[in-house]
Amino acid sequence: METPKRPPSDPIEKLAWYMDEAFQVPGTRFRVGWDALIGLIPGLGETIMLLVQALVVVLAVSRERVPAVVAARMILNVLLDSVLGSIPIAGDVFDAFFKANTRNIALVRQVRSQRATSGKVSTAWHYAFIFCVVAALAAVVAGCLALVFWISRALLLWIQTGSPSGAWV
């Protein structure tokens, strides 16, 4: 998808464009927006961008009447961008490439297109996506809990036996 060099006329799309695509990196075709730049401010930057990204979602939900499952995908994009974007240095790089606002506008355009052609919005893929995200998060949480259990068990055995030799297997 070609990124326009000027902001779109639609207010929601214009806000997303400024946040993700406003500036071209010299000598490249890569574009970044205020999200990547303001996100460089430790702590405060991600908080400000979370609020702006939430505004894009609220505007899309209220003006475009996107289905709840599409709104949930948009919220997942914002949360992923905010959580991973808060990791020092790596999060700033992630912010420059992930572009949650652009992804959310693509979802809004998809809703508009489906409504224009068939009068309704297909939500099956959105449900499948959210199911996969929830399943992946559940697997990560289960893995973390298993790791905590294993470490706790090993430490308890170490304390009880006074020797680390059998505690870690």
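Let's start with Glu 64. Is Glu 64 buried or exposed? Its relative accessibility is 16%, so Glu 64 counts as buried. The cut-off for buried is under 20%. Keep in mind that this is a predicted model.

Where is Glu 64 found? In helix α3. What does the side chain of Glu 64 join up with? It makes a polar contact with the side chain of Arg 112, at 2.9 Å. Arg 112 also appears among the contacts of Glu 64 once neighbours within four places in sequence are set aside. The others on that list are Asp 10, Ile 12, Leu 59, Val 108 and Arg 115.

Next, helix α4. This helix covers residues 68–85, which is 18 residues. From first C-alpha to last, α4 reaches 25 Å. The expected value, at 1.5 Å a residue, is 26 Å, and the helix comes close to that.

Which residues of α4 are buried? Val 69, Val 70, Ala 71, Arg 73, Met 74, Asn 77, Val 78, Asp 81, Ser 82 and Gly 85. What do they pack against? Five helices are named here: α2 (34–38), α3 (44–64), α5 (90–98), α6 (100–118) and α7 (124–161). So Glu 64, at 16% and buried, sits in α3, and α3 is one of the partners of α4.

Pick out Arg 73 from that buried set. Arg 73 lies over the face of Phe 129, 4.0 Å from the ring centre.

Now the aromatic rings. How many aromatic pairs are there? The count is 4. One of them is Phe 30 with Phe 97, a tilted pair, with 4.8 Å between centres and 35° between planes. This pair links distant parts of the chain, 67 residues apart. Phe 30 is in the loop between β1 (23–24) and β2 (31–32), while Phe 97 is in helix α5. Phe 30 is partly exposed, because its relative accessibility is 27%. Phe 97 is at 55%, so Phe 97 counts as exposed.

Then there is Phe 94 with Phe 98. Why is this pair stacked? The planes are at 15°, with centres 4.9 Å apart, and stacked needs planes under 30 degrees apart. Phe 94 and Phe 98 are 4 residues apart in helix α5, so about one helical turn separates them. Phe 94 is partly exposed at 22%. Phe 98 is buried at 11%.

Last stop, back at Phe 30. The charged end of Lys 99 sits over the Phe 30 ring, 4.7 Å from its centre. Phe 30 therefore has Lys 99 over its ring and pairs with Phe 97.

Note on methods
Residues are numbered from 1 along each chain as its sequence is written. This is a predicted model: local features need pLDDT of at least 70, side-chain atom pairs count only at pLDDT 80 or more; totals for chains, interfaces and linings use all residues. Side-chain values use heavy atoms; hydrogens and water are left out. Helices (H or I, at least four residues) and strands (E, at least two) are DSSP runs, numbered from the N terminus. The expected span of a helix is 1.5 Å times one less than its number of residues. Buried means under 20% relative accessible area, exposed over 50%, partly exposed in between (1.4 Å probe, protein chains only). Contact means heavy atoms within 4.5 Å. A polar contact is a pair of N or O atoms within 3.5 Å; within protein, one must be able to donate a hydrogen and the other to accept it, and residues adjacent in sequence count only if both atoms are side-chain atoms. Rings of Phe, Tyr and Trp (its six-membered ring) pair if their centres lie within 6.5 Å; planes under 30 degrees apart count as stacked, over 60 as edge-to-face and the rest as tilted. A charge sits over a ring if NZ of Lys or CZ of Arg is within 6 Å of the ring centre and within 35 degrees of the ring normal.
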